[in-house]
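Visitor: Could you take me through a close look at one helix packing, and then step back to the chain beside it? I would like the cut-offs too, please.

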Amino acid sequence: MTKHRNSIVFWAGAAVFLIAVLSMTQIVRNEYPFFAGYVILQFIALAVAWSILGGYAGYVNFGTNAFFGVGVYTAVALFKATGAPLVVQIAAAAVVGMTLGFGVGLLTLRMRGIFFSIATIALAIIIETFVMNWRFVGGAAGIQIQRPPVMAPFDSYVKMLFFVQALLVVIAVSIARYIQNSRIGRGLQALRDDELAAECTGVPTLKLKLVACMISGALISAAGAPAAMYLQYADPSSAFNLSYSVSALAMALIGGTAHWIGPVLGAILLGSTQQLLAVTISSEVNVLVLGIMLVLFVVGAPKGIIGLLRPRYRLRAGGKP
Amino acid sequence: MFSMDLLLGAVVLGVLLGCFYAAVSVGLSVSFGLLDVPHVAHPAFLVLASYGVYQLNESYDIDPLLAGLAITPLFFLFGLLAYRVYYETFERRGSDAGVRGIAFFFGIAFIIEVLIILQFGVDQRSVSATYIGKSWRFGEFRIPIRQLVAFAVALALTVLLAVYLSKTFMGRAIRAVAQDEEALRLMGANPVRIKQFAFGIATAVLGIAGALLIIVAPVEPTLDRAYIGRTFCVVVMAGLGSISGTLIAAIILGVAESIVLTLFGASWAPAISFAMLLGVLAVRPQGLLGR
């Protein structure tokens, strides 16, 4: 009964959010809020997607940048080859990200802890090196992108991208929420607490991890796909920048990974702080703030913001009285 | 284009490079290999040491190797502190240490990187010494003397650490704690203090290794990212905690990188160590001389 009511509240909230975003794009004239807001939305999508594997399953993925970059370059290659519209680019990026997630999962998910994390960094660097040597998309020098004309009802491309990213956030959050409340989520939590025990009691651990890795990968790549259009430019060292990995990881862990709202809160808080700092001080300082916050939270508040706000999550997520 | 001479030159340079890689990796071989600390910040510590050496060389004109030796005690203390914080917050509490421990060191690495950028800027920095910039000719190919110096010091450092770990009392205690912590506790020894000391040694070695890093080539703040692949590749390929394995694995990596560099060009070089790391993890996760 309450679960049903929760669902209604959630979907109503999502609808209100999208309508608010859409009307904002129609009313507000200035482009800057959308320019900054897009980045924050992108971080929400990344942090939520990251926490599906990193939070629920406890596999620390350092390779967010691999999936992000793959999303960017899928979109770029497709756009350059066929001039495909944005929706097709995003869908293709999701498919490629999911395939990559499957491959990464098969190769690395039998590794535990730090080995998995290092392996994901390795994949990111290897893929980046391939893209650097791929002439068609500009190689190491990068590639300029000419945006196509904007579609109605939007009057500027940035506003449209803002709405599209908001849509991606809603999709990411609803998938994360579904997983959290389903058998998949409970299985992932079980294997996070004790993989051997989970396997012994019949949880299909490898299958669940593969599913988590594929979904997480697809969502990260999809969130990255519009980035080339947003920047009107793409180059390997920024598309595969390790700071995407540290941001996604930090925002998810700072928000707390026991509930989907954690990464959302973490990304909003850190994303807006970053935007503010980048404008007022410098972009180096905002990475510093991110790093310090990450270390402070990991040391002092292991369950993140939601753990501080609602102590009962500590009981539920930790599984210990 | 391709010739035996070229290949031979690449192999020789690769062996020199490999010994240098061994020197930058032995610390990790102790901290990660023996102590099981997920020390992702090891390469960041390394680059930090290089900047320390740069600072001493720049302001007091101290020879980079001496400067490296001078910051070694500082890095030893730094290592003691880092392990103490890690132990108090993660190892002692036990639960969920994996995820948070990795994130902790990842965060530390990023903080160090940004602090270096804020202090020194993003430009490349290099040191000056009499042996930098000259090279020896052997018929067709030349070997830079800086490579030879780095090779000799690196080899000495690695062998010294291997001897220390296998012959001295403290070294044996460190290996014992890696084998069976509980047994040590039952013998009345304090495993935490031994591990803390070992982590200090592993970090102190970085003083010299950092000097070698900046002698071999100019450094930049984000250089640690490339060395995550190299150091972990060497340590995993070696077999966790094996110092002699570290030397062998490092030489294999050095030769592989050098040959790829000669045959395919520099743009493929960054991927070599990571590809080898993935290969080892997939095929032989216990490494060459695994414990």
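Guide: Here is the helix pair, followed by an outline of chain B. This is a predicted model, in which local features need pLDDT of at least 70, side-chain atom pairs count only at pLDDT 80 or more, and totals for chains, interfaces and linings use all residues. Residues are numbered from 1 along each chain as its sequence is written, while chains are lettered from A and ligands numbered from 1 in the order in which they are written.

In chain A, helix H2 (residues 32–54) packs against helix H12 (residues 242–255) at about 75°, their axes 8 Å apart. H2(A) is therefore roughly perpendicular to H12(A) (the class for 65 to 115 degrees). Axes are lines fitted to C-alpha atoms over the stretch in contact, with angles from 0 to 180 degrees between N-to-C directions. Helices are DSSP runs of H or I with at least four residues, and strands are runs of E with at least two, numbered from the N terminus.

On the H2(A) side, the contact includes Phe43(A), Leu46(A) and Trp50(A); on the H12(A) side, Tyr244(A), Leu249(A) and Met251(A) are among the partners. Contact means C-beta atoms, placed from the backbone, within 7 Å. By class, this contact has nine nonpolar, four polar and no charged residues (nonpolar: Ala, Val, Leu, Ile, Met, Phe, Trp, Tyr, Cys and Pro; charged: Asp, Glu, Lys and Arg; polar: the others, Gly among them).

Now to chain B, which has eleven helices and two strands, in the order α-α-α-α-β-β-α-α-α-α-α-α-α. Its C-alpha trace spans about 60 × 45 × 35 Å along the principal axes. Among contacts in chain B between residues at least 6 apart in sequence, 78% join residues at least 24 apart.

Conventions: Contact = placed C-beta atoms within 7 Å. Parallel < 35°, antiparallel > 145°, perpendicular 65-115°, else oblique.
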